Amino acid sequence: MDPFLEAALDEARVGLADGGISIGSVLVHRGEIIGRGHNRRVQRGSPILHAEMDALENAGRRAAMVYRESVLHTTLSPCAMCRCAIVLYRIPRVIAGESRSFMGEGEWLRDCSVSVEVVQDGDCVALMKAFVRAHPELWNEHIGEEESALRLDPVLWPGTSQETAPPRGRAGTPTPPTPSSGWKPGPAARG
Ligand SMILES: [Zn+2]
């Protein structure tokens, strides 16, 4: 595996071990990791600290030219929010571990002249697959969906719509996250 994707996967595993969502990312400039991070929705009670955003945050303030010479490696195809950050800073290249558990915005990025390579790495897929099956409600919360099955590849995830469909509330009633189901909100979420 690409060593930088491996580093992103290490970040994803750190996040998982910390009770969070198993997505990791690293920002690489001229062959050196300048920022690394993982999704901190649970840990920070944050809806915006996706792995890519966390890596950018941890890279700190950088000159425009640094972004334009960088490559963002992420275990999962970037979402709409992260794609905008990639385009904003004109990061020219993205390498994503997989796009089967979340389609992401690869096509849109390509339309914005960003080079996107999705490698469909088995370890990245397996990690997300295990996470979504164990925490469907958290996954749905993360992607802003009521049912994650809408975003899953039916070939890779046969029968998943039944396995991962979250318990539904009454008609018209949003189903809130269930803290008893294995994750705990971070301190910020409690406050
Ligand atoms: Zn994102």
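**View 1. F4 sits in a helix, and a helix here is a DSSP run of H or I at least four residues long.** This is a predicted model, and our starting point is F4, a member of helix α1. Is F4 buried or exposed? F4 counts as buried, because 21 C-beta neighbours lie inside 10 Å and the cut-off for being buried is 20 or more. Leaving aside residues up to four places away in sequence, F4 touches V26, V28, I33 and H73. Then there's L72: 68 residues separate F4 and L72 in sequence, yet their C-alpha atoms are 9.1 Å apart in space.

**View 2. Five strands make up an open sheet.** Reading across, the order is β2-β1-β3-β4-β5, and the pairing is mixed. Which strands stand at the edges? They're β2 (32-38) and β5 (115-118); each has a single partner strand, so one side of each is left without a neighbour in the sheet. Direction ignored, neighbouring strands here are turned by 15° against each other on average.

**View 3. Strands β1 and β2 run antiparallel.** Zoom in on β1 (residues 24-29) and you'll find 6 bridges joining it to β2. One to look for pairs S25 with G37 in β2. Helix α3 (residues 51-59) lies across β1, β2 and β3 (70-74), and it runs at about 130° to β2.

**View 4. The largest nonpolar core has 38 residues.** Which of them touch the most other members? That would be L27, I86, V94, M128 and F131. Helices and strands both chip in: α1 (3-17), β1, α3, α5 (80-88), β4 (93-96), α7 (122-134) and α8 (136-143) each supply at least two residues of this core. As a rule, nonpolar side chains in soluble globular proteins tend to be buried together. Take a closer look at M128 too: not counting residues up to four places away in sequence, M128 touches S22, L76, E98 and S101.

**View 5. Helix α7 has a buried side and some exposed residues on the other.** This helix has 13 residues and reaches 18 Å from its first C-alpha to its last, close to the 18 Å expected at 1.5 Å a residue. Which residues of α7 are buried? Look for C124, V125, L127, M128, F131 and V132. They cover an arc of only 165° around the axis, and that's why they're on the same side of α7. Over on the other side, G122, A126 and A130 are exposed.

Methods. Residues numbered from 1 in each chain as written. Predicted model: local features only at pLDDT ≥ 70, side-chain atom pairs only at ≥ 80, totals over all residues. Pairing = 2+ DSSP bridges. Axes fitted to C-alpha atoms, helices over the stretch in contact; angles between N-to-C directions. Contact = placed C-beta atoms within 7 Å. Core = buried A, V, L, I, M, F, W, Y, C linked by C-beta atoms within 7 Å. Buried ≥ 20, exposed ≤ 12 C-beta atoms within 10 Å, placed from the backbone. Expected span 1.5 Å × (residues − 1). Arc of directions from axis to C-beta.
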